[in-house]
Amino acid sequence: MGFHYTDALITLATLNINQLVTFYTNFLEQQPITSIPNVYAEFLVAGMRLGIFQPKQTHESEFHNSTKSKVSLCLEVSNLEAAIAHISDLGYPPPGEIAIASHGREIYAYDPDGNRLILHQGITGNN
């Protein structure tokens with residue numbers, strides 16, 4: 001039977017919305033496509049929407065003690081070293097080294113709230 005859906009987005013909850021929106025504005029080098037100050041911002045990321053929201057006060061405790069998320073925002077990049085330099089210039093250098101995976105080279109980085117970003121460069125004839 002199933003169901004019908006028309007779109008999808010991933011959202012990040014944060015208790016520091018201004019800091020996180022500023023980070024993603026600078027990291028993605030774009031302004032949010034939707035913005036409600038101190039409440040919500042949304043970015044268009046390669047056909048996917050990334051929403052960042054401030055939880056309502058009645059739900060804040062749910063996010064204060066969250067354990068590390070198992071979700072990662074993975075971004076395919078054309079030049080891994082340039083992506084590392086960019087996020088490092090923003091003050092969030094990746095803590096580890098570039099890893100070689102079956103699908104290419106990748107490195108983990110983290111946003112100001114500790115959400116995992118995986119910057120990935122696929123295998124081509126050039127790398």
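Begin with the whole protein chain selected: of its 127 residues, 33% count as buried, where buried means under 20% relative accessible area with a 1.4 Å probe and protein chains only. This is a predicted model, in which local features need pLDDT of at least 70 and side-chain atom pairs count only at pLDDT 80 or more, while totals for chains, interfaces and linings use all residues. Residues are numbered from 1 along each chain as its sequence is written, and side-chain values use heavy atoms, with hydrogens and water left out.

Next, switch to a cartoon view, where the protein chain shows 3 helices and 8 strands, which follow one another along the sequence as β-α-β-β-β-α-β-α-β-β-β; helices (H or I, at least four residues) and strands (E, at least two) are DSSP runs numbered from the N terminus.

Now select β7 (104-110) and β8 (116-122), and go to the loop between them, where Asp111 has its place. Asp111 is buried, with a relative accessible area of 3%.

Show the side chain of Asp111 and look for its polar partners: a polar atom of that side chain lies 2.8 Å from the backbone nitrogen of Asp113, and the side chain of Asn115 makes a polar contact with the side chain of Asp111 at 2.9 Å. A polar contact is a pair of N or O atoms within 3.5 Å; within protein, one must be able to donate a hydrogen and the other to accept it, and residues adjacent in sequence count only if both atoms are side-chain atoms.

Finally, leaving aside residues up to four places away in sequence, select Leu12, Leu20, Phe23, Tyr24, Tyr92 and Leu117, which Asp111 touches, contact meaning heavy atoms within 4.5 Å.

Methods
Buried < 20%, exposed > 50% of the residue type's maximum accessible area, 1.4 Å probe, protein only.
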